[in-house]
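Thanks, everyone. Please have a look at the model on the screen, and then I'll walk you through a few of its features.

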Amino acid sequence: MDKALAFFKQFEYSKFNPLQFNSVFFFALFSVFYLVYAGVFNKVKTRNTVLLLFSLFIYYKLSGLYVLLMMAVAASDFLIGKQILKTHSEGKKKAWLLLSLVVSLGSLLYFKYSPFILENVDVLLGTKLTPPQGSFLMPIGISFYIFKTISYVIDCYNEMIDEPEESYINYLLYVSLFTTIIAGPIARARDILPRLQAKLTVTEEFIGKGFFLILIGAIKKYLIADFLWVNFIERVFISPTLFSGFDNLMAVLMGTIQFYYDFAGYTDMMLGISLLLGLELQGNFNRPFMAQNISDFWRRWHITLSSWLNEYVFMPMSFAWRGMKKTGIVIASLFTFVISGVWHGPKFTYILWGTLHGAAIAWDVASQNWRASLKKSINGNVYSVVSIVLTFAFISLTMVIFNVREVPVAWDMYEMMFVKMDWSIALQWFPIYYREFIVFALAALIHFLPLHLKDTMVQYFTQLYWPLKAVVGLVVILFIYQFYSSETQPFIYLQF
């Protein structure tokens, strides 16, 4: 009886133990769901209903009754999109758009930022408005699904979508699709909804590539990201002053690589699962540390968020300020990335991080002609290498601010690296952390390998006979198991 109760209790929401996408429970649950999904795959309405119910259950396991909030916001924008497309009055269209933004951004502001706002009001005014610690939980993934619903309504307003979605089931599925709900990719309604309305196909190439991406994602998460975080990075970021300047430097460099592999690992796994469902989604990364400036970095990093901000924030602002020419572009760039920082979370660290990246992109715009002249005056290869190194240094140093709990902790790390550095410690460091350094070095090397090598690996894996695919998968799983730790971390972007 106790075992039966324990089994069914796994299906309840627990705020202290939300579902993790890298858990055995999730993959067991997905396996059962996939058998049902395969059975109804050719019946579009039934297929979408089954996929929707599974997605809603996954979100319930992540955020509990906040699933009702997501359904309400989706219903609001579903109806508003219809109203915008059926009216011919520009004034009424703008009114409906404004209502949508009030509902969507109001929900985001209240459920994600109100404790932060009240806490700072209390500091400034001496009031006691902040809710008790732990009494107010942010809905997981709210930033992502709010951006999806906003883009749908704006596309309706701009006539990027000609006909409104007539099925609330399809629209809610677009908003809640479990492979995009907590950390993207941020899919556009105009790209996904037509696919959900039609029959899907799951080719042998989709299945082979899907399994390959899931295995690669697991390797990135367990063998690289979690291994580096648990065994070295975490302890330095918690108490940087207890470690040497060289420890802090290595934690910063490793932390940048670790963050990338955690997020890229999640993305690969979700892209792989989506392929098994018959949906091909846009990737989020294109060797971001090959970037030669911060503008280039954001064309390679979190691509779906960058393109969303570019289309719905930067372009409207730069168009409105077009009379200011390059100054208008600079100001629009800065504002866009301040918004990006705020979007990531209610912390001064995120706001400062976004502001610094906005300032860096503003510098890219302002110095474009000067940098072009400099590039002509020196060796092109030298210019590229120096640019990549400087860009990576900026990313790593600002990632410190992104990763720490409070801004003063970042200052402590900077002080340890730039004021209290003792390079002689390096001779003692490498023998102690040689395993971590080897993983870090290999991870960095793999990142810089040509893209065609990955494409070749996908092609070879897809062409393998299924028994060989199973053997490869089993070997990878057994290898990961050797590194698996009870301290395995949730995916970083689950918090946004």
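**Helices, rings and a few unusual backbone angles**

Let's start with a helix pair. Helix H9, residues 204–238, packs with H10 at an angle of about 155°. Their axes are 7 Å apart. Before I go on: this is a predicted model.

How do H9 and H10 run, roughly parallel or roughly antiparallel to each other? The cut-off for roughly antiparallel is over 145 degrees. So H9 and H10 are roughly antiparallel. The crossing of H9 past H10 is left-handed. What does the contact consist of, by class? The contact of H9 with H10 has 26 nonpolar residues, along with seven polar and seven charged ones.

Now H10 on its own. It covers residues 245–277, which makes 33 residues. From its first C-alpha to its last, H10 reaches 48 Å. That is close to the 48 Å expected at 1.5 Å a residue. How many of its residues are buried? The count is 31 of the 33, so H10 is largely enclosed by the rest of the structure.

One residue to pick out in H10 is methionine 269. Methionine 269 has 2% relative accessibility, so it counts as buried. Take phenylalanine 78 as a reference point, 191 residues away from methionine 269 along the chain. The C-alpha atoms of these two are separated by 29 Å.

What happens just after H10? There, glycine 278 takes a positive phi of about 95°.

Two other positive phi values come from residues that are not glycine. As background, most residues other than glycine have a negative phi. Arginine 287 has a positive phi, near 40°. Where is arginine 287 found? It sits in the loop between H10 and H11. Histidine 302 also has a positive phi, near 45°. Histidine 302 lies in the loop between H11 and helix H12, which is 303–320. Is histidine 302 buried or exposed? Its relative accessibility is 0%, so histidine 302 counts as buried.

On to the rings. The structure holds 56 aromatic pairs. I'll show two of them. In one pair, tryptophan 229 and phenylalanine 237 have ring centres 6.3 Å apart. Their planes are at 35°, so this pair is tilted. Are the two partners buried? Tryptophan 229 has 17% relative accessibility, and the cut-off for buried is under 20%. Tryptophan 229 therefore counts as buried. Phenylalanine 237 has a relative accessible area of 5%, so it is buried too.

The other pair is tryptophan 298 with tryptophan 353. This one is edge-to-face, at 5.9 Å centre to centre and 65° between the planes. Which parts of the chain does the pair link? Tryptophan 298 is in helix H11, residues 294–300. Tryptophan 353 is in helix H14, residues 348–366. The two residues are 55 residues apart, so to speak of a link between distant parts of the chain is fair. Both tryptophan 298 and tryptophan 353 are buried.

Last stop, another helix. Phenylalanine 27 is in helix H2, residues 24–39. Its relative accessible area is 28%, so phenylalanine 27 is partly exposed. How far apart are the C-alpha atoms of phenylalanine 27 and threonine 398? They are separated by 35 Å, with the two residues 371 residues apart along the chain.

That's my tour. Over to you.

Definitions and conventions:
Residues numbered from 1 in each chain as written. Predicted model: local features only at pLDDT ≥ 70, side-chain atom pairs only at ≥ 80, totals over all residues. Heavy atoms only, no water. Helix = DSSP H or I, 4+ residues; strand = E, 2+ residues; numbered from the N terminus. Expected span 1.5 Å × (residues − 1). Buried < 20%, exposed > 50% of the residue type's maximum accessible area, 1.4 Å probe, protein only. Axes fitted to C-alpha atoms, helices over the stretch in contact; angles between N-to-C directions. Parallel < 35°, antiparallel > 145°, perpendicular 65-115°, else oblique. Left-handed = near helix turned anticlockwise from the far one by under 90°. Nonpolar A, V, L, I, M, F, W, Y, C, P; charged D, E, K, R; others polar. Phe/Tyr/Trp six-rings, centres within 6.5 Å; stacked < 30°, edge-to-face > 60°.
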